[in-house]
Amino acid sequence: CACLVGSEMCIRDRFHKACDRVIRIDKSLAEIILKGDFPLFLKDRDQVDFKSYYDKLASAIISQQISGTAAKSIKKRLMDHFGNRFPAFKEMHSELVDPIKRQEIQACGFSARKMEYIESLTNYFCEKEDSIKDLFANGTDDEIVEQLTKNIKGIGPWSSNMFLLTGISRMDLFAADDLGIERQFSKY
């Protein structure tokens, strides 16, 4: 179990404790919790590194305003282009500055606008690597959202908040404006 800093309880233990509390408060949620997969809450924090930050933000850009199936297809073609793996930001940068390789990346299914967004993200990571590492390690949620939305075209408040949750494991985040959360609350 990947433990947090100091004497804090490990993520898995905290997650299980939270589930127990939710079920005690509202037993009708037990079935939903028991059916859930919850990979985000059960992953080891050791798996999170600087490359994964770029991967998460790039994947968010790829997925914007298209179906999940289309996004998976584009991501698969991009990974195929890079030998069945998601490219590191420095590798992507070197491809984007070469006009022929840039066309090959765009042929993976990127619109002109998404290419602009991926390039903005890639440039931000190349130009500000050290300050980004510090920001993600020590910045507040508001500081991270501000910097991402200010410096990366195509990343807005919603994408930034989702990155806080899925990219850097800020598990105490509640994205009240998330459509999926709104839909599930209305069903509940």
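Which side chain meets that of Glu129 in a salt bridge? In this predicted model, the partner is Lys90, with a nitrogen-to-oxygen distance of 3.5 Å between the two side chains. The pair links distant parts of the chain, since Glu129 belongs to helix α9 (residues 129-138) and Lys90 to helix α6, with their positions 39 residues apart in the numbering. Lys90 has a relative accessible area of 51%, and it is therefore classed as exposed, the cut-off for that class being over 50%. Glu129 and Lys90 are also joined with Lys133 into one network, built from salt bridges that share partners.

Helix α6, which carries Lys90, also packs against another helix. The axes of α6 (residues 89-96) and α8 (residues 112-127) lie 9 Å apart and form an angle of about 125°, which makes α6 oblique to α8. The crossing of these two helices is left-handed. On the α6 side, the contact is made by Phe89, Lys90, Met92, His93 and Leu96, and these residues meet Met115, Ile118, Glu119, Thr122, Asn123, Phe125 and Cys126 of α8. By character, the residues of this contact divide into 7 nonpolar, 3 polar and 2 charged. Lys90 thus appears both in the contact with α8 and in the salt bridge with Glu129.

Side chains of opposite charge can pair when their charged atoms come close. In the model, the count of salt bridges comes to 9, and the pair formed by Glu129 and Lys90 is one of them. Another is found in helix α2 (residues 30-35), where Lys35 and Glu31 are separated by about one helical turn because they are 4 residues apart in that helix. The side chains of Lys35 and Glu31 meet at 3.1 Å, taken from N to O, and both residues are exposed.

A further salt bridge joins Asp141 to Arg170, whose closest N and O atoms are 2.4 Å apart. This pair, too, links distant parts of the chain, with Asp141 placed in helix α10 (residues 141-151) and Arg170 in the loop between α11 (157-166) and α12 (179-187), 29 residues away in the numbering. With regard to accessibility, Asp141 counts as partly exposed at a relative value of 24%, whereas Arg170, with a relative accessible area of 18%, is buried, because that class takes in values under 20%.

Conventions. Residues numbered from 1 in each chain as written. Predicted model: local features only at pLDDT ≥ 70, side-chain atom pairs only at ≥ 80, totals over all residues. Heavy atoms only, no water. Axes fitted to C-alpha atoms, helices over the stretch in contact; angles between N-to-C directions. Parallel < 35°, antiparallel > 145°, perpendicular 65-115°, else oblique. Left-handed = near helix turned anticlockwise from the far one by under 90°. Contact = heavy atoms within 4.5 Å. Nonpolar A, V, L, I, M, F, W, Y, C, P; charged D, E, K, R; others polar. Salt bridge = Lys/Arg side-chain N within 4 Å of Asp/Glu carboxyl O. Buried < 20%, exposed > 50% of the residue type's maximum accessible area, 1.4 Å probe, protein only.
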